[in-house]
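Q: Please take a close look at one part of this structure. I should like a connected account of a single residue with an unusual backbone angle, its surroundings, and some further sites for comparison.

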Amino acid sequence: MILPIIAYGDPVLRKVGTEINQEYPELKKLITNMKETMYNASGVGLAAPQIGLAIRLFIIDASPFAEDEDLDEEDRATLKAFNHVFINAKIIKEEGEEWTFNEGCLSIPDVREDVSRKPIITIEYQDEDFNSKTAVLDGLAARVFQHEYDHIEGVLFTDKLSTLKKRLLKKRLDNISKGKTNADYRMNFPNLKKGK
């Protein structure tokens, strides 16, 4: 089932997610619904807070990036296969010199900005069967992971911008929270009800 995506301004996007276990109700169904929602919105990742749940769960399918002709074969192969469910994820280590890449977010439609992040991360997480895993990610895979991980920490990519950039974006972000945006997928707007 395709779920509405929570727009910028909703308090759930600012909550630090709580850990979950195998007892979490209808987890498999939730993951299926999240995947349908992400693909419907042409996203490469979706975190539970973006559908209104403050839990430590997100999904990633970075395969659309594998089409990028500028990437080498190895990177493209990595991204094509980078399709995972991450439960209770933790970033253990971030390494390397920060690099900048243009990011967007399904909760903040029509806003894209350059964000700097470390290129190499070591992570721990559980898969959808609650098997514990450790992995080292780099490049775009690391970046997509960091972006989704931020969601379960109550952080948005716009938080990482300069004060000036934030000021310039303020009106656009306020408009998104009021539903004044052209997303081509279902959304819930926190400030739509409060007098348009």
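A: The account below begins with one strand residue and then turns to other sites in the chain.

The model is a predicted one. The residue chosen is Asn88, which lies in strand β4, a strand formed by residues 83-95. Its backbone deserves attention: Asn88 is not a glycine, yet its phi is positive, at about 55 degrees. As for its environment, Asn88 counts as buried because its relative accessibility is 7%, and the cut-off for that class is under 20%.

The side chain of Asn88 has a polar partner. A polar contact of 2.8 Å links it to the side chain of Gln126. Gln126 itself belongs to strand β7, which spans residues 120-126. Leaving aside residues up to four places away in sequence, Gln126 touches Val85, Phe86, Ile87 and Asn88, and also Asn131 and Ser132. Asn88 is thus named twice in connection with Gln126, as a polar partner and as one of the residues it touches.

Ser42 offers a second example of the backbone feature. Its phi is near 55 degrees, again a positive value in a residue other than glycine. The setting of Ser42 is a loop, the one between α1 (27-40) and β2 (45-47). Ser42 counts as exposed because its relative accessibility is 66%, where exposed requires over 50%. A positive phi therefore accompanies a buried strand residue in Asn88 and an exposed loop residue in Ser42.

A helical site may be set beside these two. Asp150 is part of helix α3, residues 139-152. With a relative accessibility of 10%, Asp150 counts as buried. Its contacts, not counting residues up to four places away in sequence, are with Arg117, Val155 and Lys160. Asp150 and Ala47 are separated by 103 residues in sequence, while their C-alpha atoms are 9.2 Å apart in space.

One of the residues that Asp150 touches, Arg117, leads to another pair of strands. Strand β6 covers residues 108-117, and six bridges join it to strand β5, residues 99-105, in an antiparallel arrangement. The connection from β5 to β6 is a hairpin of two residues. Cys105 stands opposite Ile108 of β6.

Note on methods:
Residues are numbered from 1 along each chain as its sequence is written. This is a predicted model: local features need pLDDT of at least 70, side-chain atom pairs count only at pLDDT 80 or more; totals for chains, interfaces and linings use all residues. Side-chain values use heavy atoms; hydrogens and water are left out. Two strands pair if DSSP finds at least two bridges between them. Helices (H or I, at least four residues) and strands (E, at least two) are DSSP runs, numbered from the N terminus. A polar contact is a pair of N or O atoms within 3.5 Å; within protein, one must be able to donate a hydrogen and the other to accept it, and residues adjacent in sequence count only if both atoms are side-chain atoms. Contact means heavy atoms within 4.5 Å. Buried means under 20% relative accessible area, exposed over 50%, partly exposed in between (1.4 Å probe, protein chains only).
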